[in-house]
4 protein chains.
Amino acid sequence: MEDKVLDKALRDIEAYYRTQGMARALGFGKRPAVLVIDFQKGITDPERPAGCHLDAEIEHTVRLLDVARKKDVPVFFFVIAYDRSLLDGGLLVKKVPTLARFVAGSDDVQLDPRLTPGPNEPVFAKQYGSCFFGTPLASSLTALNVDTVILTGCITSGCVRATAHDALQHGFRPMLPRECVGDRARIPHEVNLMDIQARIGDVLPLSAVLTHIEQGESA
Amino acid sequence: MEDKVLDKALRDIEAYYRTQGMARALGFGKRPAVLVIDFQKGITDPERPAGCHLDAEIEHTVRLLDVARKKDVPVFFFVIAYDRSLLDGGLLVKKVPTLARFVAGSDDVQLDPRLTPGPNEPVFAKQYGSCFFGTPLASSLTALNVDTVILTGCITSGCVRATAHDALQHGFRPMLPRECVGDRARIPHEVNLMDIQARIGDVLPLSAVLTHIEQGESA
Amino acid sequence: MEDKVLDKALRDIEAYYRTQGMARALGFGKRPAVLVIDFQKGITDPERPAGCHLDAEIEHTVRLLDVARKKDVPVFFFVIAYDRSLLDGGLLVKKVPTLARFVAGSDDVQLDPRLTPGPNEPVFAKQYGSCFFGTPLASSLTALNVDTVILTGCITSGCVRATAHDALQHGFRPMLPRECVGDRARIPHEVNLMDIQARIGDVLPLSAVLTHIEQGESA
Amino acid sequence: MEDKVLDKALRDIEAYYRTQGMARALGFGKRPAVLVIDFQKGITDPERPAGCHLDAEIEHTVRLLDVARKKDVPVFFFVIAYDRSLLDGGLLVKKVPTLARFVAGSDDVQLDPRLTPGPNEPVFAKQYGSCFFGTPLASSLTALNVDTVILTGCITSGCVRATAHDALQHGFRPMLPRECVGDRARIPHEVNLMDIQARIGDVLPLSAVLTHIEQGESA
């Protein structure tokens, strides 16, 4: 399918959504945090069984982190990791068996080496799509008075969408710098970004997110 | 965009997903329940501001409910409904302002009249996309020893997908009879069904779901 | 058991807790809300089967609400209410069968008439002990940038403690004005307040809470 | 305070509760799991700053585990463990600063050596009181069709009560073998067990739990 055919169709749907009272901008709140989702070796190395090409998205995320750290914006990293029993993976590891590779302690669950957490930037293990599910993330954000989450990482149609949806449900503003999220395939990437913009959060150019952070007060 | 162009592209992506260890069948468990999502007048009446065309999906759901009730399968109905303060709608009513119409007690939050809950079939009010979020649904299902949820209703790319995702996260098998779920637009409908089949639950023909229920023991 | 014997024993335990690194003050955050828990006719009318004596606690809560409203502090009311199927009550209505009386729409689930919600003060139905469980409360608080919850209502050893515990777990500071929470029996009331002070939230005299609110900026 | 004075007072309250329609037995369901709560060196070694005396409770738990494993009852272990940033501890580590000792990887978060998990018995890290909060436990139990949780560990008035309460809220039957749960102090131990029996779960002699498991079918 030609890219411009899909793009035209999606722009038409977006216009229709707006006439239905959907797809309004949420805007940034007062205090953002950055969530870096599943940029772990087992996914970011295209040579591995569940890997795909995410070099550009990682590079853009590194740039975002540089700016965020200068303004003391909290950063949380997430990796998918399971107990060797896989009992913490519930039904998900049955639906998506490739995830069973991601056993805690294995190389596949290490962060991509281009990303280096600072001493106050935790790496949370998660077992499901949403970074909020089965983790204390919402509590940590609330305790920090965070009201906005800037989402980066992969996969747009999987864990990124799930995290954006849970962020909104939990009362946090989900902001997605488009260049910082990636997927295995173009159609689900574009359609999920449209869905997110329509009903979940704001999809923005990275430049707009950087400008917002740079203009903000230090936390 | 021509339907067959999209269909061909999605089938190619599905084939790729299967080579990556995704999109396995979960299968039914031992005890299903049916969830009927957001078939309320404000959405199912195409003349209303947030309405769309869902007649076929409702008709198929009515057929499913007839079969389910003969086998004592529990049924739960859901409608979106807010307090007049809208404080229970959090950020969602800002992102999707049309939802602010759905105030508890108004006609828009009444079930579509083609659906009639039985005396043991509760109608749960919900405020967010997922039927599990901000409701005691998961607890009720667990207390009934339910392990499988058959999802019907609308909108595929909104509340249906959100509910399917949360069902899987909570440990329930999400089964979607394709004819019973509907959307405002074809592309997000088809792409979200592909996403669900790839990583969340099983998308099946209604006939397969009916056969499974009919062959099951009474609860 | 004589009151002073229990009091002495509890003060000794508290002193021991402090030597173990427990029972520190959390303090107020920047933006409080008041939660009024289960002051509904079926509980506050001592003539009814599940009723008990709570007149003083209601009177103190009314005084707190007067002060809170002058400072635009958000107020949320909660009542226990079930669908007639009781399916939303899960196992709790089996453990505590008296709760099965509290069917939505019945007089038992009406707020005590001494409490009158304002137009922007929602009444949330809840089915379990914690006001956070099976409700969108945490999301509403986060969307309002609330970081502190002042708890009033009943029963100290039941829904009040459960709500305090979930507040802390969700990242909100639980503050309990001692005069505003009540119980059916003195021993569980006092011991649960000690437990809360030790590991969950701050138990304060009402006067301290009023002073804090009065000195705060309007929201 | 003399033990028999407290006991007499608590039995009187229990009798009153029963006249109010509280404190019914839930009974076992069809498929139990055992949860072992916070038996980690930092708590079970009385020489350490947050330690206390729990030898008898551990011994009784070991006996329970022996019987459970013969019947293939699933077992889950829990330890409190935080990221070095303590950001996953939210407000709890401020209220109870002694918990800040329990950093992931430190000796304090190792299981007591008298407890040895089998290869299919996961050890879940938790950050809050309830084993269900911020963990995927409920999902794992549901995916295993577990409907009953047998609770052992410490502290009765802290993490054990919180876990029992959340178990009931999530739809699982909480069963507490009295000999297998322990506390730092007698009064909160006894009063919390009374609270649990009144409104949360069933408090039983260990012998009754062992008999039930031994008579059950293998899973």
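This is a short tour of a predicted model, stop by stop.

**Before you start**

Colour chain A by confidence. Its mean pLDDT is 96, and 98% of the residues reach at least 70. For the complex as a whole, the predictor reports an ipTM of 0.97 and a pTM of 0.98.

**Stop 1: chains A and B**

Show chains A and B. Select the residues that touch across the two chains. You should pick up 41 residues from chain A and 41 residues from chain B. Now look at the chain A side of this contact. The elements that give two or more residues to it are α1 (3-19), α4 (92-95), α6 (156-170) and α7 (186-199) of chain A. Colour that side by residue class. It splits into 24 nonpolar, 11 polar and 6 charged residues.

How are the two copies related? Superpose chain A on chain B: a turn of 180° does it, with a shift of 0.0 Å along the axis and an RMSD of 0.0 Å. The pair is therefore related as by a two-fold rotation axis. To find that axis, select Val191(A). In chain A, its C-alpha is the nearest to the axis, at 3.6 Å.

Compare the two sides. Of the interface residues of chain A, 100% are also interface residues in chain B, so the copies meet through the same surface.

**Stop 2: chains D and A**

Hide chain B and show chain D with chain A. This contact takes 17 residues from chain D and 17 residues from chain A. On the chain D side, select helix α5 (residues 137-143). This helix supplies the largest share, 3 residues. By class, the chain D side holds 7 nonpolar, 8 polar and 2 charged residues.

Superpose again. Chain D falls on chain A after a rotation of 180° with 0.0 Å of shift along the axis, at an RMSD of 0.0 Å. Which residue of chain D comes closest to the rotation axis? Select Gly134(D): its C-alpha lies 2.4 Å away. Here too, 100% of the interface residues of chain D are interface residues in chain A, so the copies meet through the same surface.

**Stop 3: strand β4 of chain D**

Stay on chain D and select residues 148-154. This is strand β4, and 7 of its 7 residues are buried. Turn on side chains. Thr148(D), Ile150(D), Thr152(D) and Cys154(D) point one way from the strand. Val149(D), Leu151(D) and Gly153(D) point the other way. Residues on both faces are buried.

**Stop 4: the partners of β4(D)**

Add strand β1 (residues 32-37) of chain D. β1 runs parallel to β4(D), and 6 bridges join them. Find Ala33(D): it stands opposite Val149(D).

Keep Val149(D) selected and add strand β5 (residues 173-177) of chain D. β5(D) and β4(D) pair in the parallel sense over 3 bridges. What is the bridge partner of Val149(D) in β5(D)? It is Pro174(D).

Next, add strand β6 (residues 181-182) of chain D. Its pairing with β4(D) is parallel too, over 2 bridges. Pick Gly153(D) on β4(D): opposite it in β6(D) stands Val181(D).

**Stop 5: the crossover**

Finish with helix α6 (residues 156-170) of chain D. Show this helix together with β4(D) and β5(D). Trace the path from β4(D) through α6(D) to β5(D): the three make a right-handed β-α-β unit.

Technical notes. Residues numbered from 1 in each chain as written. Chains lettered and ligands numbered in written order. Predicted model: local features only at pLDDT ≥ 70, side-chain atom pairs only at ≥ 80, totals over all residues. Contact = placed C-beta atoms within 7 Å. Helix = DSSP H or I, 4+ residues; strand = E, 2+ residues; numbered from the N terminus. Nonpolar A, V, L, I, M, F, W, Y, C, P; charged D, E, K, R; others polar. Least-squares fit on C-alpha atoms with pLDDT ≥ 70 in both. Buried ≥ 20, exposed ≤ 12 C-beta atoms within 10 Å, placed from the backbone. Pairing = 2+ DSSP bridges. Right-handed = clockwise from strand over helix to strand, strands pointing away. pLDDT = per-residue confidence, 0-100.
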